[in-house]
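Please open the structure in your viewer and keep the sequence panel beside it, since this tour moves from one selection to the next.

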Amino acid sequence: GCCPARGGFSHWVQVLRSHHVAAILRHYERDLLALFNSYAQADQSASGSLGSLDTVSLPELIFAMKEGKMFDNNLTVAKLTSIFARTNSAAEDDADGDDDEQELCFEEFVQLIAAVCDTKVPAETRKGVAFELTLQSWLHLIFLPTYKRILKDKARGISAKTIK
């Protein structure tokens, strides 16, 4: 299904689906999946209730971004919430899209991460550099190393969650 244009967002969806961006996201898929799985499980251990293991909720996402110190003047909790909602509704417009309002599947999560990069490194600061190059640098130099360190610390048992 083709969705009606939502202001500038339909352009975004096209950017995210461009083969350059898709190729970069595929390249880092294993790392992104490890990260996704780590936070997808967070609400299970935290609340004891059986949240879905293959989706990430907004609270989990906010927790993840706080843990990675990703929030700044460009990326606020409100902005992340709006990206989350848009990613979710864009997926819903696809014929095979999931209809779970409050959760993102892995594909949606990956798109959201790209949108987070675009928000943190706005076009006007890129000096004409193509978005896919910005995305690759950001994932490679900032985003993934940050979360690899966090996941390694968690594996060693020194995450914020375990410290009472």
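Helices, as the word is used here, are DSSP runs of H or I with at least four residues, numbered from the N terminus. With that in mind, select helix α5, residues 58–67, and then K69, which follows α5 and has a positive phi, near 50°. Please remember throughout that this is a predicted model.

While α5 is still selected, colour its residues by burial: seven of its ten residues are buried, so that the helix is mostly covered. Those buried residues are L58, E60, L61, I62, A64, M65 and E67.

Now step back to the whole protein chain, which has eight helices and two strands, in the order α-α-α-α-β-α-α-β-α-α from the N terminus on. Of its 164 residues, 40% are buried. Among contacts with a separation of 6 or more, 64% join residues 24 or more positions apart. If you display the accessible surface, it comes to about 9100 Å², with 57% belonging to carbon and sulfur atoms.

Next, select helix α2, residues 19–27, and show the side chains of V21, I24 and L25, which are buried. They lie on the same side of α2, because the arc that they cover around the axis is only 95°. On the face turned away from that buried side you will find the exposed residues H19, R26 and H27.

Move on to helix α8, residues 131–155, and centre the view on L139, where the helix bends by about 50°. Which residues does L139 touch, once its neighbours within four places in sequence are left aside? The contacts of L139 are then with I24, L25, Y28, L32, I113, L144 and P145, and two of these, I24 and L25, are among the buried residues of α2 that you have just displayed. The buried residues of α8 itself include F131, L135, W138, L139, F143, Y147 and I150. Beyond the end of α8, look at G157, whose phi is positive, near 85°.

L139 also leads into the largest nonpolar core, which has 38 residues, and in which L32, M65, L135, L139 and F143 have the most contacts. Two or more residues come from each of α2, α3 (29–40), α5, α6 (77–93), α7 (106–120) and α8, and α7 gives the most, with nine residues. In soluble globular proteins, nonpolar side chains tend to be buried together.

For the last stop, show the aromatic rings, among which there are seven pairs. Select F36 and F109 to begin with: their ring centres are 5.1 Å apart and their planes stand at 55°, so the pair is tilted. Since F36 belongs to helix α3 and F109 to helix α7, the pair ties together parts that are 73 residues apart in sequence. F36 is buried, with a relative accessible area of 2%, and F109 is buried as well, at 4%.

Then select F143 and Y147, a tilted pair with 4.7 Å from centre to centre and 50° between the planes. Both residues lie in helix α8, four residues apart, which is about one turn of the helix. F143 counts as buried at 0% relative accessibility, and Y147 counts as buried at 2%. To finish, add Y39, F63 and W138 to the selection, and you will see the one aromatic cluster that they form with F143 and Y147.

Conventions: Residues are numbered from 1 along each chain as its sequence is written. This is a predicted model: local features need pLDDT of at least 70, side-chain atom pairs count only at pLDDT 80 or more; totals for chains, interfaces and linings use all residues. Side-chain values use heavy atoms; hydrogens and water are left out. Buried means under 20% relative accessible area, exposed over 50%, partly exposed in between (1.4 Å probe, protein chains only). Contact means heavy atoms within 4.5 Å. Accessible areas come from the Shrake-Rupley method with a 1.4 Å probe; for residues, only the protein chains shown count as cover. The arc is that of the directions from the helix axis to the C-beta atoms. The bend at a residue is the angle between axes fitted to the seven residues ending there and the seven starting there. A nonpolar core is a set of buried Ala, Val, Leu, Ile, Met, Phe, Trp, Tyr and Cys residues joined through side-chain atoms within 4.5 Å. Rings of Phe, Tyr and Trp (its six-membered ring) pair if their centres lie within 6.5 Å; planes under 30 degrees apart count as stacked, over 60 as edge-to-face and the rest as tilted.
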